[in-house]
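Thanks for coming. I will go through one structure today, beginning with a helix and the strands it crosses, then moving on to the ligand.

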Amino acid sequence: MRHFPVFRDLRARRVVVSGAGEAAVAKLRLLLKTEATLAVYGTDPHPQIRRWAGEGRLTLVERPVRHGDALCAALLYGANEEAGEDARAARIGRAAGAMVNIVDDLDNSDFITPAIVDRDPVTVAIGTEGAAPVLARRIKAETEERLAPALGTLARIGQGFREAANALPMGRPRRRFWSRYYDEIGPRALSEGGEEAVRAALDALLAETLAEAGETGRVALIGAGPGDPELLTLKARKALHEADVVIHDRLVSPEILELARREAIVVEVGKIPNGPSWKQADIDALMVEHAANGAHVARLKSGDPVVFGRLDEEMDALDAAGIPFEIVPGITAASAAAASLGVSWTKRGRNAAFRLLTGHDVAGFAEHDWRGLAQPGEGGAVQPAAIYMGVRAARFLAGRLLMHGAAADTPVTAIENVSRLDQRIVATTLDRLPDALTGAGITGPAILFLGLSPREAMAARDDIDLPATGVL
Ligand code: SAH
């Protein structure tokens, strides 16, 4: 982001416009919405500027801008449509300490003027750093449509009611009060009875919300998917947006956390394999404490919370504390991994069952029914399975499976950082698995697919030449 959007206070400040033609008229249309004192310098002024001057809305001086004219100005616009004259005006502005904008000249400007949707006091500014004016216009048109013209009036009345609303506890009750005002009560009252009705409706809503404010909080146990925010469910997105407190695992991606409200308290309760970790009991206590204080807690877990997510322990803790909760399913890593490889978990004639295994459990490397896993299925090959938390256990896993009769050339595919920009695929065979993972330097979270290879799906593509063992 080269330009940082801020809102400049122009009340009782001078703004100087150098130039009095079409370009100046366009900028003045925006500037006249502000409380700035406007001075326009230029010869042969546009009739519209003359009219505004006649109405006393700006001062028109019919000569080029000079040193001294920009004294105490907050902003100076170069709207001469002539580079030399604009450069001269810019020097005058900068010497006087004003921020300078040259119309349609990003490189010589200190700031840019965004496209504006005006519902004063609500103002939406749209900028594309000059890259895509068409896009800015489209976003402006869409925003104009979305924001009712009455919004400005409602916001102004709301502004006057802020102090009264501070009687509500901070956080959810206060937020709920304002959303109900802006979403339903305010617009309805305004259209039915005008501004007076809005004030009465606010009083009634405040009394009602104060009565409800004692209610307890709740927890949503949310599947955040494998990382790509587009793989969040709408329900997860909504619950995250409504949360006062977000408690998340280490694997939940920053892009997803961005979707939380700015005021939300965000706590990472990471468990780093072999590293410093939050204890499950402390995570449970943290959720219970916030919910008991009335907060809406979003407990974000990577993938789907029902897969290797210690969900039951958290539900037990919430039940014991009498805290209501809901589970929001997510896309589990193995599901997204299959999608990016272009393979199915199940396939007619190959396998009618698919197992999800963990390489690790409380005791260390997890034991499984190795014989059952190694046995060929319908298609003559090993029954496919997805192995979570399997990277560090790879040597152990491969050893156990080979010992129980799995073929050395059984395909194994590791997909690291599924759905993220740094996703990598390592295609190998069971006997080479540990070395292939070490060789590729797999350090992020990864799914191991036993008995599934990307080769079949990739064969149809001629842009990828996959070696017997390789990294994509
Ligand atoms: N509930 C999660 C699993 C948590 S266990 C889910 O449904 O996906 C943690 C393991 O999940 C990691 O060791 C890794 O095997 C897998 N995992 C989670 N996110 C992943 C990702 N983005 N890419 C690859 N594997 C991932």
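**A helix across a sheet**

Helix 1, residues 22–31, lies across strand 1, strand 2, strand 4 (73–78) and strand 5, and runs at about 165 degrees to strand 1. Before going further: this is a predicted model, where local features need pLDDT of at least 70 and side-chain atom pairs count only at pLDDT 80 or more, while totals for chains, interfaces and linings use all residues. Residues are numbered from 1 along each chain as its sequence is written, and side-chain values use heavy atoms, with hydrogens and water left out.

Some terms. Helices (H or I, at least four residues) and strands (E, at least two) are DSSP runs, numbered from the N terminus. Axes are lines fitted to C-alpha atoms, for helices over the stretch in contact, and angles run from 0 to 180 degrees between N-to-C directions. Contact means heavy atoms within 4.5 Å.

Now the sheet. It is open, has 5 strands in the order 3-2-1-4-5, and its pairing is parallel. Two strands pair if DSSP finds at least two bridges between them. At the edges are strand 3 (59–61) and strand 5 (99–102), each pairing on one side only. From one strand to the next, the twist averages 20 degrees. Strand 1 (residues 14–18) and strand 2 (residues 37–41) are joined in the parallel sense by 5 bridges, and Ser18 stands opposite Tyr41 in strand 2.

There is also a hairpin, formed by strand 6 and strand 7 with 2 residues between them. These strands, residues 115–119 and 122–126, run antiparallel and share 5 bridges. Ala115 is opposite Ile126 in strand 7.

On to the ligand. Which residues come nearest to it? Of the 18 around it, they are Pro226, Asp304, Val307, Thr332 and Ala446; a residue counts as near with a heavy atom within 4 Å. The shell has 12 nonpolar, 4 polar and 2 charged residues.

For polar contacts, the cut-off is a pair of N or O atoms within 3.5 Å. A backbone N or O atom of Asp304 lies 2.8 Å from a ligand oxygen atom. Polar backbone atoms of Ala333 and Met389 are each 2.9 Å from an oxygen atom of the ligand. Taken alone, the ligand exposes 540 Å², and the protein buries 92% of that, by the Shrake-Rupley method with a 1.4 Å probe.

Last, Ala333 itself. Ala333 is in helix 11 (residues 333–341). Leaving aside residues up to four places away in sequence, Ala333 touches Pro226, Gly303, Tyr388, Val418 and Ile447.

Notes
A polar contact is a pair of N or O atoms within 3.5 Å; within protein, one must be able to donate a hydrogen and the other to accept it, and residues adjacent in sequence count only if both atoms are side-chain atoms. Ala, Val, Leu, Ile, Met, Phe, Trp, Tyr, Cys and Pro count as nonpolar, Asp, Glu, Lys and Arg as charged, and the others, Gly among them, as polar.
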